[in-house]
Amino acid sequence: MGESPSSFESLRKWVVEHKLRTVGCLWLSGIGSSIAYNCSQSNMKPSVKIIHAMLHAQALTLAALAGAAVVEYYDQCQSKSEGPKAN
């Protein structure tokens, strides 16, 4: 019997299979939360609030892409260290 995968392993596998969806969801949540935060700041013009939200979302997108690259690198290292599987 095989062991059930850990939650980290399940998450890693899902991210490897859905890289673009992961980055898109992080971007949408980042821009949404940034707009919500900026709307609470009453001393800024609306155009400045939107610009700040876009900058925050771009930073979050770069972080998500870097994270996806790390997951991909880790996945490739894992597959190389396991070597070819015997049937």
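The backbone oxygen of Lys 49 lies 3.1 Å from a polar atom in the side chain of Asn 38. This is a predicted model, and that pair is a good place to enter it. Asn 38 sits in helix α2. Its relative accessibility is 2%, so Asn 38 counts as buried, the cut-off being under 20%. Leaving aside neighbours within four places in sequence, Asn 38 is in contact with Met 44, Lys 49, His 52, Ala 53 and His 56.

## The chain as a whole

The protein chain has 3 helices and 0 strands. Read from the N terminus, its elements run α-α-α. Helix α1 covers residues 7-17. Helix α2 spans 19-40, and helix α3 spans 46-82. There are 87 residues in the protein chain, and 18% of them are buried. The accessible surface comes to about 6800 Å². Carbon and sulfur atoms account for 65% of that surface. Contacts across the sequence can be sorted by separation. Among contacts with a separation of 6 or more, 50% join residues 24 or more positions apart.

## Helix α1 and its two sides

Which residues of α1 are buried? They are Arg 12, Val 15 and Val 16. Seen down the axis of α1, the buried residues fall within an arc of 100°, so they line one face of the helix. An α-helix has 3.6 residues a turn, so residues three or four places apart point the same way. The face turned away from the buried side of α1 carries exposed residues: Ser 7, Leu 11 and Glu 17. The buried residues of α1 pack against both α2 and α3.

## How α1 meets α3

Two packed helices are described by the angle between their axes and the distance between the axes. The axes of α1 and α3 come within 10 Å. They cross at roughly 110°. Angles of 65 to 115 degrees count as roughly perpendicular, and α1 and α3 are therefore roughly perpendicular to each other. On the α1 side, the contact is made by Arg 12, Val 15 and Val 16. On the α3 side, Val 71, Tyr 74 and Asp 75 take part.

## Residues of α2 and α3

Thr 22 lies in helix α2. Is Thr 22 buried or exposed? At 18% relative accessibility, Thr 22 counts as buried. A polar atom of the Thr 22 side chain lies 2.8 Å from the backbone oxygen of His 18. Beyond neighbours within four places in sequence, Thr 22 is in contact with Trp 14 and Val 15. Val 15 is also one of the buried residues of α1.

Helix α3 holds Ala 68. Leu 65 is found in α3 too. Ala 68 is buried, with a relative accessible area of 12%. Leu 65 is partly exposed, with a relative accessible area of 43%.

Both residues have a partner far along the chain, as the table shows for C-alpha atoms.

| Pair | Apart in sequence | C-alpha to C-alpha |
|---|---|---|
| Leu 65 and Leu 20 | 45 residues | 8.9 Å |
| Ala 68 and Val 16 | 52 residues | 7.5 Å |

Val 16, the partner of Ala 68 in the table, is buried in α1. Val 16 also belongs to the contact between α1 and α3.

Terms used: Residues numbered from 1 in each chain as written. Predicted model: local features only at pLDDT ≥ 70, side-chain atom pairs only at ≥ 80, totals over all residues. Heavy atoms only, no water. Buried < 20%, exposed > 50% of the residue type's maximum accessible area, 1.4 Å probe, protein only. Helix = DSSP H or I, 4+ residues; strand = E, 2+ residues; numbered from the N terminus. Arc of directions from axis to C-beta. Contact = heavy atoms within 4.5 Å. Areas by Shrake-Rupley, 256 points an atom, 1.4 Å probe, with all protein chains shown as cover. Polar contact = N/O pair within 3.5 Å; in protein donor to acceptor, adjacent residues only side chain to side chain. Axes fitted to C-alpha atoms, helices over the stretch in contact; angles between N-to-C directions. Parallel < 35°, antiparallel > 145°, perpendicular 65-115°, else oblique.
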